[in-house]
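Let's take a walk through this chain, starting with the overall layout and then moving in on a few side chains. Keep the viewer open and click along as we go.

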Amino acid sequence: MTKTPEFKTWECMLSRCFNPHDRCYSIYGERGITVCDRWRYSFGNFYADMSKKPGTGYSIERLNTNGNYEPSNCVWANAKAQARNKRNNQCKQKEKWQWKT
């Protein structure tokens with residue numbers, strides 16, 4: 001299974017969170033985003049929880065953008081869905097909401 005898209009996602013997730021030389025480390029690992037032990041040490045557990053990607057246009061998404069990579073916080077999502085769940089979008093939505101009250 002090491003040549004599957006899911007395995008590549010798992011490897012990249014670990015690198016973003018634990019490898020200071022990864023180009024995305026500053027917005028993941030450096031911010032304290034981590035991977036639960038169940039997934040960190042076992043691709044099999046990651047795959048058992050996430051299963052196969054629904055299609056080629058899907059990648060892993062954290063529902064809470066400040067939360068960790070763990071079963072209760074991750075889903076497969078397409079680019080359109082992920083664009084709505086960015087940290088800067090959440091800030092703008094919160095600011096807009098505060099102005100209305």
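What follows goes from the fold to the aromatic rings, then to the charged and polar pairs.

One thing to keep in mind is that you are looking at a predicted model. The chain has five helices and two strands. Read from the N terminus, their order is α-α-α-β-β-α-α. There are 101 residues, and 33% of them count as buried. If you take the contacts with a separation of 6 or more, residues 24 or more positions apart account for 46% of them. As for the surface, the chain exposes about 6,900 Å², with carbon and sulfur atoms supplying 51% of that area.

Now for the rings. A pair of aromatic rings is described by the distance of the centres and the angle of the planes. In this chain the count comes to eight aromatic pairs. Take Phe7 and Trp10 to begin with: their ring centres are 5.3 Å apart and the planes meet at 45 degrees, so this pair is tilted. Both residues belong to helix 1 (residues 5-18), where they sit three residues apart, or about one turn of the helix. Are they buried or exposed? Phe7 has a relative accessibility of 13% and counts as buried, and Trp10 is buried too, with 12%.

Next, look at Phe46 and Trp76, whose rings meet edge-to-face, with 6.2 Å between the centres and 85 degrees between the planes. Phe46 is in helix 3 and Trp76 is in strand 2 (residues 74-78), so this pair ties together parts that are 30 residues apart in sequence. Phe46 is buried, at 0% relative accessible area, and Trp76 counts as buried at 13%. Step back a little and you'll find a cluster: ring pairs link Phe7, Trp10, Trp39, Phe43, Phe46, Tyr47 and Trp76.

Trp76 deserves a longer stop. What does it touch, leaving aside neighbours within four places in sequence? Its contacts include Glu6, Thr9, Phe46, Met50, Ser51, Lys52 and Ile60. With Ile60, which is 16 residues away along the chain, the C-alpha to C-alpha separation is 4.8 Å. The side chain of Trp76 also reaches two backbone oxygens: that of Met50 at 3.0 Å and that of Ser51 at 3.2 Å.

Ser51 is worth a click of its own. You'll find it in the loop between helix 3 (43-50) and strand 1 (58-62). Most residues other than glycine have a negative phi. Ser51, though, has a positive phi, near 60 degrees. With a relative accessible area of 37%, Ser51 is partly exposed.

Rings can also sit under a charge, and there are two cases to look at here. The charged end of Arg16 is placed over the ring of Tyr28, 5.1 Å from the ring centre. Arg40 lies over the face of Phe18, and there the distance to the ring centre is 3.7 Å.

That brings us to opposite charges. Side chains of opposite charge can pair when their charged atoms come close. How many salt bridges does the structure hold? It holds one, formed by Asp49 and Arg38, with the closest N and O atoms 2.7 Å apart. Asp49 is in helix 3 and Arg38 is in helix 2 (residues 37-40), so the pair ties together parts that are 11 residues apart in sequence. Both partners are partly exposed: Asp49 has a relative accessible area of 32%, and Arg38 comes in at 39%.

Arg38 turns up again when you look at Asn45, another residue in helix 3. Not counting residues up to four places away in sequence, Asn45 touches Arg38 and Trp39. The Asn45 side chain reaches the backbone oxygen of Arg38 at 3.2 Å. At 25% relative accessibility, Asn45 counts as partly exposed. Pro71 is 26 residues from Asn45 in sequence, and their C-alpha atoms are 9.8 Å apart.

Key. Residues numbered from 1 in each chain as written. Predicted model: local features only at pLDDT ≥ 70, side-chain atom pairs only at ≥ 80, totals over all residues. Heavy atoms only, no water. Helix = DSSP H or I, 4+ residues; strand = E, 2+ residues; numbered from the N terminus. Buried < 20%, exposed > 50% of the residue type's maximum accessible area, 1.4 Å probe, protein only. Contact = heavy atoms within 4.5 Å. Areas by Shrake-Rupley, 256 points an atom, 1.4 Å probe, with all protein chains shown as cover. Phe/Tyr/Trp six-rings, centres within 6.5 Å; stacked < 30°, edge-to-face > 60°. Lys NZ or Arg CZ within 6 Å of the ring centre and 35° of its normal. Polar contact = N/O pair within 3.5 Å; in protein donor to acceptor, adjacent residues only side chain to side chain. Salt bridge = Lys/Arg side-chain N within 4 Å of Asp/Glu carboxyl O.
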